[in-house]
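Trainee: Could we go through some of the labels people put on residues and contacts? I'd like to know how each one is earned.

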Amino acid sequence: MVAYLEKTDGNAEFHEIIDFLTRSSIHYALTVSLVVSTTFVEQFWMTAKSKTINNVRYITAIVAGKPVSISEASIRSDLQFNDAAGIDVLSNQAIFDTIQLMGYEGDLNTLTFNKGLFSPQWKFLFHTIIHCLSSKSTSWDQIPTNIATAVICLATNQVYNFSKLIFDGMMRHLDAKKKFVMYPRFISVFLTNQLKNVPVPLDHFTINALTTKVFSFTVKKGKKNPRNVTPLFPSMLAQPIENEGVVSKRPSETQPTPSFSHPSEDPIEPQPDPSLRPSSSNPIPDSILEGSGGNHGGQSSSDRSLSGN
C-alpha cells in the first residue's frame with residue numbers, strides 16, 4: 001500500500017511521526033506510486049525464477065517477451081534506500097530492551113509482538129511499515145522479528161537493510177504454493193527502469209493506499225489498548241534550527257534513546273557510516289537472532305491469485 005503522510009489539523013498528534021517518516025531514507029519506497037500494468041506484474045510472477053551468478057542471487061523473469069532481473073542491489077538503487085552497509089539482525093536483548101522503551105505493554109517472552117499494545121504514534125509507525133514495505137499477507141496485528149528489527153533501527157538511527165528485507169520476501173514467494181501479486185508498486189518501478197520504450201498495456205492494477213482512516217484506527221480504544229502514551233525518541237524528532245549565537249534547549253524530560261551495536265565476526269566486514277549510527281557503550285549478548293519473514297500462513301481473501309481465483 002501507499003503510505004499516508006499528510007499532516008492535517010485532524011491528525012496533529014501524529015505530526016511528529018509523519019515528519020520522521022518524511023525525512024527518512026524509506027520515504028520514496030513508502031510513497032512511490034506509478035501506473036501498474038496488471039499484465040506485466042502477472043507475467044513477472046508467473047515466469048519468475050531464482051538464479052545465482054558469481055555468488056549473487058537474482059530473480060529473473062520474462063515480461064513483454066523481454067528478460068528482466070532483480071537483485072538486492074537493483075532494489076537498493078531503484079527504491080533509493082542507500083542501505084548497502086545496513087544490518088538486518090539484532091540480538092534478542094537489544095530487541096526486547098528497545099521494544100520496552102517504545103512503551104510496549106505486552107509480555108516480552110516472545111519475539112512476535114502485538115501492534116495494538118503500542119501507543120498511537122508507535123502503532124502508526126509499525127502499521128505503515130507492515131502494510132507498505134513488508135511481504136506479510138495475513139495477521140496484520142502481529143509484528144514479526146524482521147519488522148521489529150527494521151523499526152528499531154529506524155528509531156535508533158541505525159541503517160537497516162530494507163533492500164534485503166524486500167528481496168528475501170520476493171525469494172520466499174517464488175516457492176509459495178499459492179502465489180499472489182506481491183509488491184505491485186515495487187515491481188512496477190523495477191519494470192519501468194528495465195523495459196525502456198516498451199508499450200505498457202492499458203489494464204491498470206489498482207494500487208491501494210492508506211487514508212485518513214488510519215489515524216482513527218490507530219487511536220481506536222479497545223480492551224488491549226496501552227494505558228500510557230509513550231513519546232518518540234528524542235533522536236526521531238526534528239531539531240529546531242538554531243539562531244546564530246543561540247543554543248537550542250532540549251525538553252527537560254525526554255524518553256531515552258537506546259544505542260546498540262551490531263556484533264560482527266568478521267573484522268573487515270563493511271560497517272555503516274559511523275556518523276549515521278549512535279555510539280554504544282552497552283555490550284550486546286552473544287545470542288543473535290536472525291531476522292525472519294514471520295508466519296505468512298494462508299493468503300487472505302483479498303489476495304489476488306495469479307490463477308484468476
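Trainee: Why is Lys-115 called buried?

Mentor: This is a predicted model, and in it Lys-115 has a relative accessibility of 1%. Buried means under 20%, so Lys-115 counts as buried.

Trainee: What makes Lys-115 and Asp-141 a salt bridge?

Mentor: Their side chains meet at 3.9 Å, N to O. The rule asks for a Lys or Arg nitrogen within 4 Å of a carboxyl oxygen of Asp or Glu, so the pair qualifies. Lys-115 sits in the loop between strand E5 and helix H6, and Asp-141 in the loop between H6 and strand E6, 26 residues apart.

Trainee: And why is Asp-141 called partly exposed?

Mentor: Its relative accessibility is 44%. Partly exposed runs between the 20% and 50% cut-offs, so Asp-141 gets that label.

Trainee: What makes Asp-168 and Arg-57 a salt bridge?

Mentor: Same reasoning: N to O is 2.9 Å, and the cut-off is 4 Å. Asp-168 is in helix H8 and Arg-57 in strand E2, 111 residues apart. Asp-168 is buried at 15%, whereas Arg-57 is partly exposed at 35%.

Trainee: How do you know that Asp-88 and Lys-164 form a salt bridge?

Mentor: Their closest N and O atoms are 3.3 Å apart, which is within 4 Å. Asp-88 lies in the loop between helix H4 and strand E4 and Lys-164 in helix H8, so the pair ties together parts 76 residues apart in sequence.

Trainee: Which residues do salt bridges with shared partners join into one network?

Mentor: Arg-57, Asp-88, Lys-164 and Asp-168.

Technical notes. Residues are numbered from 1 along each chain as its sequence is written. This is a predicted model: local features need pLDDT of at least 70, side-chain atom pairs count only at pLDDT 80 or more; totals for chains, interfaces and linings use all residues. Side-chain values use heavy atoms; hydrogens and water are left out. Helices (H or I, at least four residues) and strands (E, at least two) are DSSP runs, numbered from the N terminus. Buried means under 20% relative accessible area, exposed over 50%, partly exposed in between (1.4 Å probe, protein chains only).
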